[in-house]
Amino acid sequence: MAFTVAIDGPAAAGKGTISAAVARHFGFRHLDTGLLYRATGARVLNGQDAAEAARTLEPEDIQPTDLRTAEVSEAASRVAAIPEVRAALVAFQRRFARLGDGAVLDGRDIGTVICPEAEVKLFVTASARTRAARRHAELADGTSLEEVLADVERRDARDRGRVDSPLRPASDAVTIDTSTLSAEEAIARAIATIAPIWANR
Ligand code: C5P
């Protein structure tokens with residue numbers, strides 16, 4: 001049975017960086033579950049019905065090309081509030097979590113809904129302003145910091161406020177606030193949390 005690490009948190013808190021580094025360190029497979037919602041959102045922007053788009057996703061749809069734009073981010077956050085979309089994506093995520101020796105899944109509801117039995121649950125967060133500043137530096141496309149902050153806050157409110165699988169820490173999650181941490185420090189903290197549990201599995 002695979003060892004599962006669930007990493008949840010709001011947009012641009014550092015989940016992606018931490019998840020990729022943790023997967024490399026322990027030799028686990030990694031699924032960025034946001035890509036499933038982004039790929040569904042991208043198909044909806046092309047005119048497809050949301051539930052139908054989620055039900056018929058193919059592995060090639062979740063290649064990261066073109067899925068990081070602000071337009072796709074917004075579409076992803078909208079489709080993520082539709083219960084039929086979430087239901088269509090559950091089985092794929094659970095299968096991924098239990099194949100092979102170990103898996104890292106990052107998203108919003110991994111520790112609470114997708115893998116409530118995960119051996120390790122991390123909740124990675126940071127202040128909205130810190131997260132917006134990071135996203136702003138990544139985008140470098142002329143969008144103002146205030147616009148990026150407004151986007152981040154709108155997506156957070158939608159993720160936290162939705163009825164189906166809202167963003168929240170699992171009761172047994174370890175929180176890592178990356179507001180004042182470098183990427184290296186945040187990764188070290190995640191690895192230090194996981195290592196003893198992995199060693200005693
Ligand atoms: O993590 P990322 O920003 O790529 O996710 C895009 C959107 O997909 C999020 O704003 C969120 O609404 C949704 N999402 C979700 N549940 C997940 C992963 C992402 O609702 N497990």
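This is a short dialogue about a ligand and an aromatic pair in a predicted model.

Guide: In this predicted model, local features need pLDDT of at least 70, side-chain atom pairs count only at pLDDT 80 or more, and totals for chains, interfaces and linings use all residues. Residues are numbered from 1 along each chain as its sequence is written, and side-chain values use heavy atoms, without hydrogens and water.

Visitor: What makes the pair between the ligand and Arg38 a polar contact?

Guide: A polar contact is a pair of N or O atoms within 3.5 Å. A ligand oxygen is 2.6 Å from an N or O atom in the side chain of Arg38, so the pair counts. For Asp109, a ligand nitrogen is 3.0 Å from a side-chain N or O atom. For Arg162, a polar side-chain atom lies 2.9 Å from a ligand oxygen.

Visitor: How much of the ligand does the protein bury?

Guide: Alone, the ligand exposes 460 Å², and the protein buries 97% of that. Such areas come from the Shrake-Rupley method with a 1.4 Å probe.

Visitor: What makes up the shell around the ligand, by class?

Guide: Three residues are nonpolar, four polar and eight charged. Asp, Glu, Lys and Arg count as charged; Ala, Val, Leu, Ile, Met, Phe, Trp, Tyr, Cys and Pro as nonpolar; the others, Gly among them, as polar.

Visitor: Why is the pair of Phe3 and Trp198 called edge-to-face?

Guide: Rings of Phe, Tyr and Trp (its six-membered ring) pair if their centres lie within 6.5 Å; planes under 30 degrees apart are stacked, over 60 edge-to-face, the rest tilted. Phe3 and Trp198 are 4.9 Å centre to centre, with 70 degrees between the planes. Therefore the pair is edge-to-face.

How values were computed:
Polar contact = N/O pair within 3.5 Å; in protein donor to acceptor, adjacent residues only side chain to side chain.
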